[in-house]
Amino acid sequence: MKAGMDKLDSLEAQSVFILREAYREFKSLAMLWSIGKDSTVLLWLARKAFFGHVPFPLVHIDTSFKIPEMIQYRDKLAKEWKLNMVYGQNKEALEAKKTFPDGAIDRLSCCKALKSEALKHTLAGDWPRYRLDHLSGKYVLDQNKEPYTGVIVGARADEEGSRSKERYFSPRDKNSDWDIGDQPPELWNQFKTDFAPGTHVRIHPLLDWTELNIWEYIERENIPIISLYFDQGHGQRYRSLGCYPCTFPVESTAKNVHEIVEELRTGKFANIAERSGRAQDKEDWGGLETLRRGGYM
Amino acid sequence: MPNTQREQMNVVIVGHVDHGKSTLIGRLLADTGSLPKGKLEEVKARCAKNAKPFEYAFLLDALKDEQAQGITIDTARSFFKSKKRDYIIIDAPGHIEFLKNMVTGAARAEAAILVIDAHEGIKENSKRHGYMMSFLGIKNIAVCVNKMDLVNYSEKVFYGIKKEYTDFLEEINVQYTNFIPIAAREGDNIVALSKNIPWYNGAYILETLDNFKKAAPKHEQDFRFPVQDIYKFTESGDDRRIVAGRVETGTIRVGDEVIFLPSRKKSKIKSIEAFNASALVEAISGQSTGFCLETQIYIRPGEIMGKASQPSAHINTKFKANIFWMGRQPLVFQKTYKLKVASQHVPVVLSKIVHVLDASELSSVQNKNQVDRHDVAECVLETLKPVAFDEVTKIAETGRFVVVDNYEISGGGIILAPVYDQDSTLKEHIRQREFQWTRSEITPEKRAEQYKHNATLIIITGQMDTGKEKIAKALEEQLFNDGRFVYFLGISNKLLSGEEVVADKTIARAEHIQQLGEMSRILTDSGLILLTSVSDIDEHELFVLKTLNRPNPTLVINVGENKFSDNQVDVSLMENEDPAAAVAKIMAFLNKTILLDPEYTI
């Protein structure tokens, strides 16, 4: 009797397969790293796929309102794992103080400006990209202004309605728009890897994973994860990470990965949506989908 | 939410538009207690607020688009559970316009529930979807006759539909045994037998699903490992040359002898590579992994690695296949498409249409000269270079393919058998060309005597940026100064580098090779020594060039790593070799071969 593959083995194998397809097919490839658990698992899977290497840049959109530990954690791992780390941001909106925390606009408009717009222009290369220089340990202006034509994203189908409609390889048009009614077929592990100039493809290796799978995998692989997800003794922890003005911790005493797995499997979160602490989703029914059509990840 | 320890099964729900697929899913979610807490109440409250009667289908219609149009656009995924296992449910749209979405959903399913409206009866997509399930290789299928409440739970209606549908399936050689009368809206025969249908004592839906068997693991099948890529991360200080991909079927161990197809190169497994794992001795089907080989052989992404001790896949340029077409443009003759079979990408043309099956009427149409959108056809396809594949009945993973037309996956197909015949597009083309050629009165021999050399095509190949062009130019100059009739064709390198913006790199490269071969035939017919440099030419491309350039000879000069399997290279040079030294080596060879007065140059 041969040792078979369990659920996590199968999920891992499929994600690795998708990452390798992406690397084979897209010359200008990047991976979005939000510092959260999903995209950190994705980063780990990239190291699995490429045998310890990450042969493409990791892109982070820094809204400047991220919880400070997130930036520290990002740079620590980037240095340790020798990552090609790149960030971009909406400098104009930040300097003009046209943000929700500044009281200038509502939450959804703020997300659109600081995340969607910044992401769109960072990917296109028409806004400055800042790349971590491993020699000095500082960020420098990236000379590479090539648009990224393949963008790997850690979206999961179970997160929220609109994400359940995604493909593994999902084309976006010149304006980063997503035509949800006309998506390419995907069958027998053949994906859309051919694209017209000016368009780009979002690649979703984690589409089949659930929140629980993510934590089970983090536990199994012992992936270093940011401590914001754990209760630090105040009976609160973040279940989903974002900007501090719009992301609220949940009541929980889970202090480590194992306790989170238990909490998700049998405890109080077994039937409560993960993004319940993300305010922008509640702005209108389907807020996230509106954002995603406009390029939000 | 699914649990790692529990078994999972992907189920797709298909059927004609408005036959009640979403309602059935809503029911399955609600009645198995699989909805997130408060979701049912939330949707009910929202309906009440909008003065709209609650429907179970609303549970799925999370998207605004769907609600506006009242149809399921895509394959939404949701989860429900029975005592036995967790189900990932894929709702596939019934609208014909969304066939590609239906296929996308169904292609990853292990089981299917096909819904037919008892009141409306069998519709076009009831048939089409029934056919597609079998095409896509789904073994577990339940046919649910829904909305029984609308026909007063009539036994006669149910058996009438069952008979009609079974007759239809028989015509296409498909057999489905599970027929269940249900009323999804009322919850009849979903998670328990219904009192409303006392005449039915078969299994209800959940029971039928639980009776379905998971496919057996593929560890025992012949080993197939489509190569996705070859990695060498030298710049990160890693010298391993790793052959990466996924084991589709079978098992392999360190030390096993392997063979790559279509190149037929052989080696042995030296190690199984993995990140963050202890040393491995075995890889099994389903694993994405990587191997180091004992010998340094040059293989390309797309080749299929098999075990030398087992029956190998076919290598051929023609095969018979069933194809379903989803493209906006029809599948036509005289057009080059891209075929993706396992990890191989090759140019392909439609060679023959055996017959087209109109899936709505199930009538077989002969003499059709194209395959239209939503048609299913039996065809012969011809690839422009050899591909490795299996019959779908033998190994499904290497017996299925998609056809790409203008960036889009436009067709899917299953391979029935290789077709062995002597005709190939290339041969036929050359036959026509030579037949129509009006010969000059000046014979090749006379030209050779005049120019003091045999007309020849000289190809300088190797990786990009290895100094090929410099060598070519220096060689041209030497030959010219010696009084030879020589020309360096400098455009081919650019055309063949794959840098330019063209519809498809695979197809563009094949077309350029073709053009270069044609040009060579004409130019060498004039008595010329034609020099050209082509980046990283593969053995089949070389075969095409040599064939097109015949009867004149073709010489190959390789710069840098020699990736050819046998004695195909006439002169081997080092990367960025000094042009003068390179020219001397080449001239020494030409003196022995094509130059008729070697002493003249010394």
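**Exercise 1.** In this predicted model, find the bridge partner of Asp405(B) in β23(B), then work out how the strands around β23(B) pair.

*Solution.*
- Start at Asp405(B): its bridge partner in β23(B) is Glu408(B).
- Now zoom out to the strands. β22 (residues 400–405) and β23 of chain B run antiparallel, with six bridges between them.
- Look at the turn next. This hairpin has two residues between its strands, and Asn406(B) takes a positive phi near 50°.
- Then check β15 (residues 314–325) of chain B. It pairs with β23 (residues 408–418) of chain B, again in the antiparallel sense, over seven bridges.
- For a landmark in that pairing, go to Ala321(B), which stands opposite Ile415(B).

**Exercise 2.** Over in chain A, which strands stand at the edges of the eight-stranded open sheet, and why is one side of each left without a neighbour?

*Solution.*
- Write down the strand order: β5-β4-β3-β2-β1-β6-β8-β7 in chain A, with mixed pairing.
- Read off the ends. β5 (138–141) and β7 (169–172) of chain A each have a single partner strand, so one side of each has no neighbour in the sheet.
- Add the twist, which averages 35° from one strand to the next.

**Exercise 3.** How do β1 and β6 of chain A pair, and which helices pack on the sheet?

*Solution.*
- β1 (residues 29–32) and β6 (residues 150–152) of chain A are parallel, with three bridges.
- Leu29(A) has Gly150(A) as its bridge partner in β6(A).
- Helix α1 (residues 7–25) of chain A touches β1, β6 and β8, its direction making about 155° with that of β6(A).
- Helix α5 (residues 107–124) of chain A touches β2, β3, β6 and β8, and its direction makes about 150° with that of β2(A).

Definitions and conventions. Residues are numbered from 1 along each chain as its sequence is written. Chains are lettered from A and ligands numbered from 1 in the order in which they are written. This is a predicted model: local features need pLDDT of at least 70, side-chain atom pairs count only at pLDDT 80 or more; totals for chains, interfaces and linings use all residues. Two strands pair if DSSP finds at least two bridges between them. Helices (H or I, at least four residues) and strands (E, at least two) are DSSP runs, numbered from the N terminus. Axes are lines fitted to C-alpha atoms, for helices over the stretch in contact, and angles run from 0 to 180 degrees between N-to-C directions. Two residues are in contact if their C-beta atoms, placed from the backbone, lie within 7 Å.
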